[in-house]
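The following exercises invite the reader to examine a protein model step by step. Each task is followed by a worked solution.

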Amino acid sequence: MASTQRQTNVEIVQRIYTAFNDRDLDTVVGTLADDVEWTEPAGFFIGGTFNGPDAVRTEVMEPCAEKFETFTVDPERFLEDGNTVVILGAFHATTPDGEHIESPFAHVSEVADGEIIRFENFTDTALWP
């Protein structure tokens with residue numbers, strides 16, 4: 001009898017980063033709960049709280065791709081505590097005029113039933129145009 005292996009919360013969260021860096025926004029939003037609450041810091045070019053996968057796609061993901069020549073999110077460490085996964089890493093972006101931005105981040109994701117239900121980004125907004 002074949003067994004079905006369930007993904008860990010870290011694997012679910014890792015999938016979002018890989019998909020975003022591959023510009024696979026369908027996979028990104030497909031990993032979000034219908035009522036996801038996604039928060040970007042005040043003062044960030046995409047600052048605010050967004051509810052639902054469609055809002056995350058149009059208000060967060062797409063503006064990152066449109067505003068920068070390159071934009072990647074490089075997670076370096078995943079720390080799991082129950083349904084909460086903390087991700088430490090750095091953003092790397094290049095502006096249309098060639099300026100390179102590197103900004104460390106801490107992300108907090110909450111996972112339930114194989115989907116991300118809450119996400120919050122902490123980064124130095126002063127590093128961003």
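## Exercises on strands, helices and cavities

The model is predicted.

**Exercise 1.** Determine how strand S6 is joined to S1 and to S5, and which residues are bridge partners.

*Solution.*
- Step 1. Begin with the pair S5 (residues 100-112) and S6: the two strands run antiparallel and are joined by 8 bridges. Within this pairing, Phe-105 has Thr-123 of S6 as its bridge partner.
- Step 2. Turn to S1 (residues 32-40) and S6 (residues 115-123), which run parallel and share 4 bridges. Here Leu-32 is matched with Ile-116 in S6.
- Step 3. Combine the two: S6 runs antiparallel to S5 and parallel to S1.

**Exercise 2.** Describe the backbone and the accessibility of Asp-113.

*Solution.*
- Step 1. Locate the residue: Asp-113 belongs to the loop between S5 and S6. The hairpin of these strands has 2 residues between them.
- Step 2. Inspect the backbone: the phi of Asp-113 is positive, about 50 degrees, although the residue is not a glycine.
- Step 3. Classify the accessibility. The cut-off for exposed is over 50% relative accessible area. Asp-113 has 78% relative accessibility and therefore counts as exposed.

**Exercise 3.** Check whether the lengths of helices H1 and H3 agree with a rise of 1.5 Å a residue.

*Solution.*
- Step 1. For H1, 13 residues at 1.5 Å a residue should span 18 Å; the end C-alpha atoms are 19 Å apart, so the two values agree.
- Step 2. For H3 (residues 53-67), 15 residues should span 21 Å; the end C-alpha atoms lie 20 Å apart, so there is agreement here as well.
- Step 3. Examine the course of H3: a kink of about 30 degrees is found at Met-61, shortly before the proline Pro-63.

**Exercise 4.** Identify buried residues in H1 and H3, and state what covers those of H3.

*Solution.*
- Step 1. In H1 (9-21), the buried residues include Val-10, Ile-12, Val-13, Ile-16, Tyr-17 and Phe-20.
- Step 2. In H3, Pro-53, Val-56, Val-60, Met-61 and Cys-64 are buried. Met-61 is also the site of the kink.
- Step 3. The cover over the buried residues of H3 includes H1, helix H2 (25-30), S1, strand S2 (48-51) and strand S3 (70-81).

**Exercise 5.** Compare the setting of Arg-23 with that of Ala-65.

*Solution.*
- Step 1. Arg-23 is in the loop between H1 and H2, whereas Ala-65 lies in helix H3.
- Step 2. Arg-23 is not a glycine, yet its phi is positive, about 60 degrees.
- Step 3. Arg-23 has 40% relative accessibility and therefore counts as partly exposed. Ala-65, at 41%, counts as partly exposed too.
- Step 4. The two residues are 42 residues apart in sequence and 8.4 Å apart in space, C-alpha to C-alpha.

**Exercise 6.** How many cavities of 30 Å³ or more does the structure hold, and which residues line the largest cavity closest to its centre?

*Solution.*
- Step 1. There are 2 cavities of 30 Å³ or more.
- Step 2. The largest cavity has a volume of about 170 Å³. Its lining comprises 16 residues, of which Trp-38, Met-61, Val-73, Phe-91 and His-107 are the closest to the centre.
- Step 3. Elements that each supply at least two lining residues are H1, S1, H3, S3 and S6.
- Step 4. Link this to the earlier solutions: Met-61 is buried in H3, marks the kink of that helix, and is among the lining residues closest to the centre of the largest cavity.

Notes. Residues are numbered from 1 along each chain as its sequence is written. This is a predicted model: local features need pLDDT of at least 70, side-chain atom pairs count only at pLDDT 80 or more; totals for chains, interfaces and linings use all residues. Side-chain values use heavy atoms; hydrogens and water are left out. Two strands pair if DSSP finds at least two bridges between them. The expected span of a helix is 1.5 Å times one less than its number of residues. The bend at a residue is the angle between axes fitted to the seven residues ending there and the seven starting there. Buried means under 20% relative accessible area, exposed over 50%, partly exposed in between (1.4 Å probe, protein chains only). Contact means heavy atoms within 4.5 Å. On a 1 Å grid over the protein atoms alone, a cavity is a set of points where a 1.4 Å probe fits but cannot get out, and a pocket is an open set with protein on both sides within 12 Å along at least five of seven lines; lining residues have an atom within 4 Å of a point. Grid points are joined across faces, edges and corners, and a volume is the space filled by probe spheres set on the points.
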